[in-house]
Each structure stands twice: as structure tokens, then as C-alpha cells.
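User: Please take one part of this model and look at it closely. I would like the surroundings of a single residue first, and then how that part relates to the rest of the fold.

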Amino acid sequence: MKLVSKEINTFPSIFSKAIDSILDVSISTSHFYGQVLSYDGQIIEATSLPGMVGSLCSISTAERGSISGEIVSVKQDKVDILPYEGNLDIRVGDKVTLIQAQQEVEVGDALLGRVINGLGQPLDALGVIKHSKKMKLNGERINPFERREITEVLDVGIRNINALLTLGRGQRVGIIAGSGVGKSVLLSMITKSTDADVVVVSLIGERGRELTSFSNQILSSHSKDKVVVVAVPADRSPLLRIQGAKRATTIAEYFRDKGKSVLLITDSLTRVAHAQRELGLAMGEQPTSRGYPPSVISLLPNLIERTGTSTKSSGSITAIYTILADGDDTNSDPVVDIARSILDGHIVLSRDLAQQSVYPAIDVNQSVSRVMNDLIDKPQQKCAQTLRKLISKYNENKDLLLMGGYIQGQDEDLDKAISLWSEILNFLQQEETEKCSFESSVKQLIDLMVL
């Protein structure tokens, strides 16, 4: 191992301390130094440091002072570091300092009502955030057999979801749609209307204008005192975008461990996958399906599995991830496939419904909640199945109806769908400012089906 230090003659003791620092991250690592060997515009090669993949480093430059980065590869006599910023003036010989062998996230109740970036720095000009605890960035693994079952309904305030796609506390669900179909508006409605104790919103890789608009809208609502926003716009480095998603998950874990019911919203999971794709290709990974390297397939499950229910003594994290379907491809997109296989349900938004001004544009027949039948009673279950059948019947025969080729009386279900179609559309639609409780949603569903 090659170490560059102020005291070269103390190599044996430094090596011993290096081993200790890996085994015990509580030991200070700020006195371990290295030097920059090369920089290709993306990856910094430095002399060996007693760190591991994910360790936090600082690079001292003459022009911009200290720059943070993360070890992404450990080799026999050097390490590769990816900086959190781009277009850097880094020279061979610049000093590299190991800051944290295992990264930790500062958390605490003071985060409520605040907007932070991927490194935990405030973006809202409200001053320094006083933290009370530190937790591991990559979380702690939970024995799946110790997780509680999902037994409670999560009221999201949206009639369509409450009645037909009932969500439970601790469920993981994806919102799948192409661009411009209403994902962000739907998330805004859920955030403002949910009965969760704490809402953590992770805005990853979105436009700067949308970040500002969404954050201001959420924080100016009645739920300001229970919302934390982690915002990393699209022009930030891929590593920082991944950091933002992990930090938001760690913050959600902190409140879950306090016994809170937490709603974690990540917009979007696809941008996190894109960031990992950029990072993987820069590291020399071979692209597979649609250019995604294998590291993407491992990142997404690791991130998602940190959410959900926990042990009997703690709360739960209900996670909602938006998934951008490139070209409205909701069937063969790799990220959509991975997410659909891991999550406990998915909500598909339809561009056809959006073009008809039906908002939220939820395609009921392509959407599913895998825990719904365990949470609701038989009357709601029966009415939801009937409504799904009527919607399917109408959509299957829509072209025939428009041509006037259907004679009433040939299909009882289709006749009922035609007679109730205007009421069904009214049921599926909801104004952005309207809030519909779970009890009210179920009542309106039952009333609709007994007409």
C-alpha cells in the first residue's frame, strides 16, 4: 500500500491506524493524505488511501479550494475518486484527504420544513440546520422475517387511488408514465393530502424551475411542518444525484425509527438509474439493455428494499417512486421492468386520458395494488372489481360505439358501462385542490355501483 503522509517514516503506525479506521469508522480519518495522479475530466486517480468504495474524500486545489468527492474504485496501489462537481481545475500532485471511511448522514427533527441538496446543505436560505444524530448513508439491512405485515390503509386524499388502488402503510408503489402526463401534479396532490406523519420528498434530476415551483407549493401548504425536501437538479453530477436519493431514504429511516408513519416520494427513480448509468459507463462497465450497466440492476433493489415496514417497535416508510417510461413504453423499458418486479404495486398514467383532460390520468386497468385485498372489506372489493370491468368493457368497444355499430341489449355489462360512463368519468377525475378522504372515496364508489 502506498501512502503519502507528512511523516513518511511512520509508515507502520499509519498502516495500523488505516486498518483500525476501516474496522471502526469512529476513528478520525482526516489525517490520511494522498496525491492526485491523473484526472481525465471525470475520474480522479490518487495514491492509495485506507478507504473503501463510498468513502468521502476532499481534494485541495489552488483555484477552487476544497472539493468533495467519493471513492468509486479501490485498486492495489491507487484509488479512483469521482468528484461531486464538474469542470474542475485539478492538477497532478494536488492533496487528497480521506474525510470519512464510511459516509454518514446528519439527521434530526430540524430538517422538517427545510429544502436541502444531495450533501445536506440548505437551499432555502433559512440558516444552518442543527442536527441531532448521524446515520449511515447506505442504511442498515433489516431481516425480512422481522418486518411487520401491512395492515393499515394510507389515505392519500385521492378518490381514484383510495377506492380502486388502496395503498397501505409501508407499501412500495411506482407511478409509471411518459413525460408531461401529470406525475408531478399527482405527487403534489398526494403530498398535500396524505395523513402520513412525515413526508420526505426527493426531487432527483428534474428541471431547476420545476424544483423551485414544486418545493414552494408543498412548503406553502398546510403540511409544511411535516415535509422535508431533498432537491438535486439535472445539471448536478451523477454521483450527487444518487447521493440525493440515498440521503432522502436515510432521512425517512430516521423518522421511521422514531415510530412515525413516513411517506417517501422520489421523483424520479428513472433519473437515479440514469445517474448510475453515467457513473457505470464512466467506470468502464459494459452496457447491457438500452445502455444500462449491471450496477443499475443492483442499485435500484438496494434503494427500494430500505423502505417498507420495519420491526414491531418502529414505524413504516410508504414509498412512492415515479418512473419515466421513455416514449410511453410502459412494457419493455428496463427501469420500468425492474421497478415493477420489485415494488408492491404500480400506478400507470395514460396519455390518452390526459389528452381528454381527465386528471389524475390513472389507467385503472393497467394499475394494481398488490396489498389492496388484504386491507379492504368485501363490499369495496366487489365494487372496485365491477368498476374495473365496466371501464375495460367500454374501452374495448369504444371504436365500435363511435361508429354506431353496437345495438343496445347485446351485452349487459357494456350497456351498464354506457349508461354510467359520464358518472364514471366524474368519479375518476379530481381537481388538484380537492381532497377526498378514504371513507368518502369508498362511499362514492359504492354509491356509483348501486345506481
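Analyst: Leaving aside residues up to four places away in sequence, L137 touches Q103, E104, V105, Q243, K246, R247, T250 and R306. The model is predicted, and the contacts are computed from its heavy atoms. L137 itself sits in a loop, the one that links β9 (133-136) to β10 (153-154). Is this loop residue buried or exposed? L137 counts as buried because its relative accessible area is 4%, and the cut-off for that class is under 20%. A longer separation can be given as well: 205 residues along the chain lie between L137 and I342, and their C-alpha atoms are 21 Å apart.

One contact of L137, K246, leads to the largest pocket. K246 is among the residues that lie nearest the centre of that pocket, together with N138, S298, L299 and N302. The lining comprises 31 residues, and the volume is about 830 Å³. Which elements each supply at least two residues of this lining? They are β4 (65-74), α5 (238-257), α6 (269-282) and α7 (294-304). Helix α7 gives the largest share, with six residues.

Strand β4 also belongs to a barrel, which six strands close in the order β1-β2-β5-β4-β3-β6 with antiparallel pairing. On average, and with direction ignored, neighbouring strands of this sheet are turned by 45° against each other. Within the barrel, β2 (residues 44-47) and β5 (residues 78-83) run antiparallel and are joined by four bridges. One residue pair can be named here: I44 has I81 in β5 as its bridge partner.

For a second buried site, consider N162, a residue of helix α2 (residues 159-164). Its relative accessible area is 2%, so N162 is classed as buried. The N162 side chain reaches the backbone nitrogen of V156 at 3.3 Å. V156 also appears in the contact list of N162, which, again without residues up to four places away in sequence, consists of L154, D155, V156, G157, Q380, C436, S437, F438 and S441.

Taken together, L137 is a buried loop residue that touches K246, and K246 in turn is one of the residues nearest the centre of the largest pocket. N162 is likewise buried, but lies in a helix, α2.

Technical notes. Residues are numbered from 1 along each chain as its sequence is written. This is a predicted model: local features need pLDDT of at least 70, side-chain atom pairs count only at pLDDT 80 or more; totals for chains, interfaces and linings use all residues. Buried means under 20% relative accessible area, exposed over 50%, partly exposed in between (1.4 Å probe, protein chains only). A polar contact is a pair of N or O atoms within 3.5 Å; within protein, one must be able to donate a hydrogen and the other to accept it, and residues adjacent in sequence count only if both atoms are side-chain atoms. Contact means heavy atoms within 4.5 Å. Two strands pair if DSSP finds at least two bridges between them. Axes are lines fitted to C-alpha atoms, for helices over the stretch in contact, and angles run from 0 to 180 degrees between N-to-C directions. On a 1 Å grid over the protein atoms alone, a cavity is a set of points where a 1.4 Å probe fits but cannot get out, and a pocket is an open set with protein on both sides within 12 Å along at least five of seven lines; lining residues have an atom within 4 Å of a point. Grid points are joined across faces, edges and corners, and a volume is the space filled by probe spheres set on the points.
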